[in-house]
Amino acid sequence: MANSFVIISVIMATGIGALGSLYFKKASDRVTMRFFANFSNADLMKGVALYLISSIIFILALQYEKVSILYPITSLSYIWASLLAMKYLNEKPNILRWIGIVIVIIGVTFIGLS
């Protein structure tokens, strides 16, 4: 059976990574081709920091659990990103996106039960 603390940590990491995506979206209209100028884009830097934190949590989790169990859980980030986009970016998902979210939840549940 999978280590519950590790699984919960990876689930939290997916939420952190999805929040990073939200900041990337907010930053996207101010990204420039001048590499160093992007360091003054606070939303971009927040997104990078959140992605980094998420990746570190995932790497640490891999020390204690199989990648075949943990990696499928990262698909939860699609769910969190969709929910965050609905709440903070006023995006309206269509029926196909909702069906996809349900399929992801079912798939992650099967992985957790195996």
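Contact here denotes heavy atoms within 4.5 Å. Helices (H or I, at least four residues) are DSSP runs numbered from the N terminus. The model is predicted: local features require pLDDT of at least 70, side-chain atom pairs count only at pLDDT 80 or more, and totals for chains, interfaces and linings use all residues. Residues are numbered from 1 along each chain as its sequence is written, and side-chain values use heavy atoms, with hydrogens and water left out.

**Helix 1**

The buried residues of helix 1 (under 20% relative accessible area, 1.4 Å probe, protein chains only) include V6, I7, V10, L22 and Y23. The buried residues of this helix pack against helix 2, helix 3 (67–73) and helix 4 (76–89). At the start of helix 1, a side-chain oxygen of N3 comes to within 3.0 Å of the backbone nitrogen of F5.

**Salt bridges**

Two salt bridges (a side-chain nitrogen of Lys or Arg within 4 Å of a carboxyl oxygen of Asp or Glu) are found in a search of the whole structure.

| Pair | Closest N and O atoms |
|---|---|
| D29 and R30 | 3.4 Å |
| R30 and D43 | 2.8 Å |

R30 lies in the loop between helix 1 (4–27) and helix 2 (42–62), whereas D43 belongs to helix 2, so their pair ties together parts 13 residues apart in sequence. Salt bridges with shared partners join D29, R30 and D43 into one network. Within this network, D29 is exposed (over 50%), at a relative accessible area of 62%. R30 is partly exposed (between the two cut-offs), with 43% relative accessibility, and D43 is buried at 11%.

Conventions. Helices (H or I, at least four residues) and strands (E, at least two) are DSSP runs, numbered from the N terminus. A polar contact is a pair of N or O atoms within 3.5 Å; within protein, one must be able to donate a hydrogen and the other to accept it, and residues adjacent in sequence count only if both atoms are side-chain atoms.
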